[in-house]
Amino acid sequence: MQPRAVLEINKPATSTNGSSTHDVAADIVAAEKYKVTGAPSGPSKLYQGVAWSVHNKLVDAFEATQAYWKEKDPKHVYYLSAEFLMGRTLTNAVHNMDLQGEYAEALKKLGSSLEEVRGQELDAALGNGGLGRLAACFLDSIATLDLPGWGYGIRYRYGMFKQAVKDGVQVELPDYWLDNGNPWEIRRPATQFKVGFYGSVQDGKWVPGEEVIAEAYDVPIPGYKTKTCSNLRLWDALPTTELDLEAFNAGNYVQAVEQKRKADEITAVLYPNDATEEGKELRLKQQFFFVSASLQDTIARYLEKHSDLTGLPEKACFQMNDTHPTIAVAELMRLLIDVHGLSYDDAWAVTTKTVAYTNHTVMPEALEKWPVRVLAKLLPRHMELIEEINDRWLASIKDHVAAKVEKEQAAKAATAAEAKAAAKAEKEAAAKAEGKELAEEEEDAEEKKADEGDPVAEALKAYSIIQENQWNKGEMLVNMAYLAVVGSFAVNGVAAIHSEIIKTDIFPHFVELFPERFQNKTNGVTLRRWLAYCNPELSALITEALGTDAWVKDATLLEKLKPFADDAGFRARWRAIKQQKKADLAAHIKDVTGYEVSTEPLFDIQVKRIHEYKRQFMNAISLIYRYKTIKEATPEERAKMVPRVCVFGGKAASAYYMAKKIVGLILSISETVNNDPDVGDLLKVIFLPNYNVSEAEIIIPGAELSQHISTAGTEASGTSNMKFALNGAFIIGTMDGANIEIGENTGFENLFIFGVRAEEINRLREERKDFKDYDPRWTAALDMVKAGAFGRPDYFDDLVASVNDMTRGNDWFLLANDFASYMDAQDKVDELYRDQEEWTRRSILYTASNGFFSSDRTIEQYAREIWNVQPTPLP
C-alpha cells in the first residue's frame, strides 16, 4: 500500500474557513455555469469551474492582506524580473491555502479528481528557464514568510515560444496560453500609467514621441499555512488610441491601427530576437515598459500615505533580478527629478538607498550592453541622465584612481630601475674583466620621451559605465551591469563560487572601492512545489518517518532522515516510490514521443535551456560512444552493461544557431538508437519537446541521475540541481555553480565530479588550439557523426568542427578537455548503480542533506541582509 500524500494525511474534508464539501461543489458548478459559458462539458470546463472557485478565495485572501499591509505601512520589497516561470497554479494554490481536502472530496462527488482537473491547466508562459523559475520560488517564499512584497513583470501573450519538433529540428510556435482566459489573474483597468519612448528633451524635460498605456493584472500568490497572500503584478500594453477613425475612414487601414500594433509588440513575446536593430529596440522597450510602470505604481502607492519622497528607502526596496530591469536606476532618477521635483543629489541619495541588484550570469551576452545610439534614440532623457551619472561617478573616484596609477607607475619605475641597475652592474663587471672603461650610456629613448596621453583618464575607462565596443571600434555602449552596481546599495551573486567570480572577474574595480556592497545569496527552491506537491508519495514517506510535515516549511528537519538511510526496510520503500515515479515518467514519454521505455534502466536526465556552455553536446557525444560500445559488444558483455534511459529537454533560443544544431543531433541520435533492434532496452535516448514547469514536475521525481555539466565558472548557480537533489537524484557535474555547495552538504563522495576547475579555464582556452590529447572515445564518436551514422553529416559539420577543428572553431567551453574525465565519471555511475542498496542509501542522503537549498532560507537572508523587510503576518 502506497503512503498517502503529505498534505492529505488526517485531512478533514472541511477547511479552517468553515466551508463544506457541499459548498465547494456548489461553487464549482456555479462557476461552470456563470463564468465558463459556451464551453462544452468535460474536464476542461470542470477545470475552469474549479479554478474560478479557488480564484474567489484567493481574491478574499489577497484583499485582506493588502488592506492589513496598507494599515500597518511596512517596508515592501518589489522584485523586478523579466521572467516569472510560475507553472500551473491550481495545485499550489489549493495546497498552500489548505483547501485540498474539501476540493478533493467535492471533485469526487462530481465524478473527477484534482489530478485529472489539474492536467487541464496550461503553464503560464511568463518565462523560459532558471531565472524565471527562481523568481516564482521567491514569490512563494516571500508570501510564506509573511514578508510584504510584490513581484513585477510583463504579461506576455505568447511566451517565448512553444517548442515543437518537425523533420528532426526544433520549430518555434506561438504559445497561446491565454486563449481560454486566465482565471488566476485580476484585471485592474483603474491602474494604468503612461510609458513613453523616443521624442526629445526640451528644457531638461522629456517629451516622448510615442506613448503606450501600461495596465495592471494582479496574480495573487498565497503563502503556505499562512493568511498572507502576496501579489505578482503584470503589465499589459495598450495604445493611447486603439483606432484612428479618421485614418480608417480615409482608407489608411494600416495607419489606423498602427498604435495598437506597436503596443501589442511590447507584450507579445518574451525575449524577441535582438539580432536586428529593430529587435534591440523592442527588447529595450520591453524592459523599460515594465520598469517604468512598476516604479510609477510604487511611487503612487507611497504618495497615498506619505508626502516626502526622500523617505522612499524606508518603505521600498527594488530588487533587480539580473540586468533586464537595470534601466530602473535611470528611470527612478528621472521620475524623482523631472516628475516629482527632487534635486539631483536628493534623487541620487534615494535611488542608491532603494535599488539592489542580483547578478545571475558570467556569460558576456547576458551582461547587457546597449549601444548608446539605440538608448539615446529610444530613451533620450535617460541617456542624458546615464551620462551625468557616469560623469559624476568618474569624478568621484578620480583621486582614488590617480593614486592607484601613481602607485602602479612608481612600482613599475622601481622595477625598471632595478633591472637597469642590474644590467649596468653586469656590463661594468664584464668591462672590468676585460680591462676596459665602460662608456657612458645615453639615457634610454623611452625615458626621454614625454608621457603621451593621460594615464589616469585611460585607467578611468575600466570604471566607466559608458565604454567603447571592443569588437566595433567607435561604437559606444552602456554597460547596464556597471550602471546597476554604481546605482545600487547591494550587489549579490547566487552561489558561493559565482559570488567570488563576479568580484574577481566581472566587477573587480568596483570591489576595490566598496567591497562591503558585494554579497552572496545562494539560490534556493520552494519545497512546496518541488518536493511536497510534485512528489507526494515520497513526501508522505518523509512525513511518516519524521512524524511531522513541518519540514515543508522548515527544511532543516530533513537532516533527521539520515539515520533512515541505514534502514533496509526504509530503503525498500524509498526505492519502490522511485520506481513508481519512473513508471509515471515512462508513461509520459510514450504519450509525448511514442517511444516505450522500460523502468528497469537507470533514468539519466539533462533538462535545461540548450546552450553550448551547458554542454548537452558533450552528453550527446558520450551517448554516441555508448551506442557504439553496445553495437560492438558480445552478448556476454551486453549482459553486464547498465541499461539507461537518457532524457533531454530544453529550448534553444530561436536565433541560437549552434544550440538548434545540438537539438537536431540529439533528435537524430534518438531516432537511430531507439529504432535499432540490436540495442533494445540497453539504451534509449529521448528528447521531450517544450520543456516547462509541468514537464519538470513529472521528470524530476523519476530521475535517478541528473547532469549539471557546464564548464566550470560559467553557471552562476543552477536551481534544477537543487530540485533533483531534494528528490533523491544523484548529480554528475563539474565544480560549478551550486554543485559545489551541494557537494559540501551531501559529501563530494556522493557526487560524480569531473572536469577542470574554474581557475584553469583561461589558461586552457589559450592553449586549446594546441591541444592534441583527444580521447579515443571522443574521436570515435565524432567520426560516426561525420560519417553519417545519424544522418545529415553536412548539417552537423560545423557543429562538430566547433569543438574538434581549431581552424574553424575554438571549443570555447572545453568539451575535449573534459571529455575523458566525464566518461570516467560515467563509468563510476554504472558501477555504483549495480549496487542498488548502496545507491538507495546515498539517494536518501541527497534528500536529507540539502534542506539548505530551500528558497525560504534564501529569502530570509535577502530580507535580513539586503531588504530590511520585516514579517508582517495577519492576525
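Start by selecting strands β8 and β9, which pair in the antiparallel sense over 11 bridges. The model you have open is a predicted one, so treat this as a walk through computed geometry.

**Stop 1: the β8-β9 hairpin**

With β8 (210-222) and β9 (229-239) highlighted, look at the turn that connects them. β8 and β9 make a hairpin with six residues in between, and Lys225 in that turn has a positive phi of about 50 degrees. Now pick Tyr217 and follow the pairing across: its bridge partner in β9 is Leu234.

How many of the residues of β9 are buried? Colour the strand by accessibility and you will find 10 of its 11 residues buried, leaving β9 mostly covered.

Next, add strand β2 (residues 149-154), which pairs with β9 in the parallel sense over five bridges. To see one position in this pairing, select Tyr152, which stands opposite Arg233 in β9.

**Stop 2: the sheet around the hairpin**

Widen the selection to nine strands. They form an open sheet in the order β5-β8-β9-β2-β1-β10-β11-β15-β16, with mixed pairing. At the edges are β5 (186-197) and β16 (518-520), each of which pairs on one side only. From one strand to the next, the twist averages 25 degrees.

Go to the β16 edge. Strand β15 (residues 490-493) runs parallel to β16, and three bridges join them. One position to click is Gly493, whose bridge partner in β16 is Asn520.

Now bring in two helices that meet this sheet. Helix α9 (residues 258-266) packs on it, touching β5, β8 and β9, and the direction of α9 makes about 150 degrees with that of β9. Helix α34 (residues 855-867) lies across β1 (76-80), β10 (316-321), β11 (355-358), β15 and β16. Relative to β10, α34 runs at about 120 degrees.

**Stop 3: the nonpolar cores**

Hide the ribbons and show side chains. The largest nonpolar core has 128 residues, and those with the most contacts inside it are Phe289, Ile386, Phe507 and Trp867. Centre the view on Phe507: leaving aside neighbours within four places in sequence, Phe507 is in contact with Tyr357, Asn359, Ala481, Tyr482, Val485, Ile502 and Phe518. Another core, of 113 residues, lies apart from the largest one; Val607, Tyr613, Val679 and Tyr691 are among its members.

**Stop 4: a second sheet**

Select six more strands to display an open sheet with the order β19-β18-β17-β20-β21-β22 and parallel pairing. The edge strands here are β19 (683-688) and β22 (752-753), each pairing on one side only.

Zoom in on strand β17 (residues 602-607) and strand β18 (residues 644-649), which run parallel and are joined by six bridges. Leu602 has Arg644 as its bridge partner in β18.

Two helices are worth switching on here. Helix α22 (residues 568-593) lies across β17, β18 and β19, running at about 65 degrees to β19. Helix α32 (residues 815-833) packs on the sheet and touches β17, β18, β20 (705-708), β21 (730-733) and β22. The direction of α32 makes about 165 degrees with that of β21.

**Stop 5: the α30-α31 pair**

Select helix α30 (residues 776-786) and helix α31 (residues 793-804), which pack at an angle of about 155 degrees with their axes 9 Å apart. The two are therefore roughly antiparallel to each other. On the α30 side, show Trp778, Leu782, Val785 and Lys786; on the α31 side, show Pro793, Phe796, Val800, Val803 and Asn804. By class, this contact has seven nonpolar, one polar and one charged residues.

Is Leu782 buried or exposed? Leu782 has a relative accessible area of 0%, so this residue is buried. Not counting residues up to four places away in sequence, Leu782 touches Phe617, Ile621, Val800, Val803 and Asn804.

**Last stop: Val207**

Finish at strand β7 (residues 205-207), where Val207 is found. Val207 counts as partly exposed, at 38% relative accessibility. Beyond its neighbours within four places in sequence, Val207 is in contact with Tyr198, Gly199, Ser200 and Gln202. Try a distance label too: the C-alpha atoms of Val207 and Pro380 are separated by 9.3 Å, with the two residues 173 apart along the chain.

Notes: Residues are numbered from 1 along each chain as its sequence is written. This is a predicted model: local features need pLDDT of at least 70, side-chain atom pairs count only at pLDDT 80 or more; totals for chains, interfaces and linings use all residues. Side-chain values use heavy atoms; hydrogens and water are left out. Two strands pair if DSSP finds at least two bridges between them. Helices (H or I, at least four residues) and strands (E, at least two) are DSSP runs, numbered from the N terminus. Axes are lines fitted to C-alpha atoms, for helices over the stretch in contact, and angles run from 0 to 180 degrees between N-to-C directions. Contact means heavy atoms within 4.5 Å. Angles under 35 degrees count as roughly parallel, over 145 as roughly antiparallel, 65 to 115 as roughly perpendicular and the rest as oblique. Ala, Val, Leu, Ile, Met, Phe, Trp, Tyr, Cys and Pro count as nonpolar, Asp, Glu, Lys and Arg as charged, and the others, Gly among them, as polar. A nonpolar core is a set of buried Ala, Val, Leu, Ile, Met, Phe, Trp, Tyr and Cys residues joined through side-chain atoms within 4.5 Å. Buried means under 20% relative accessible area, exposed over 50%, partly exposed in between (1.4 Å probe, protein chains only).
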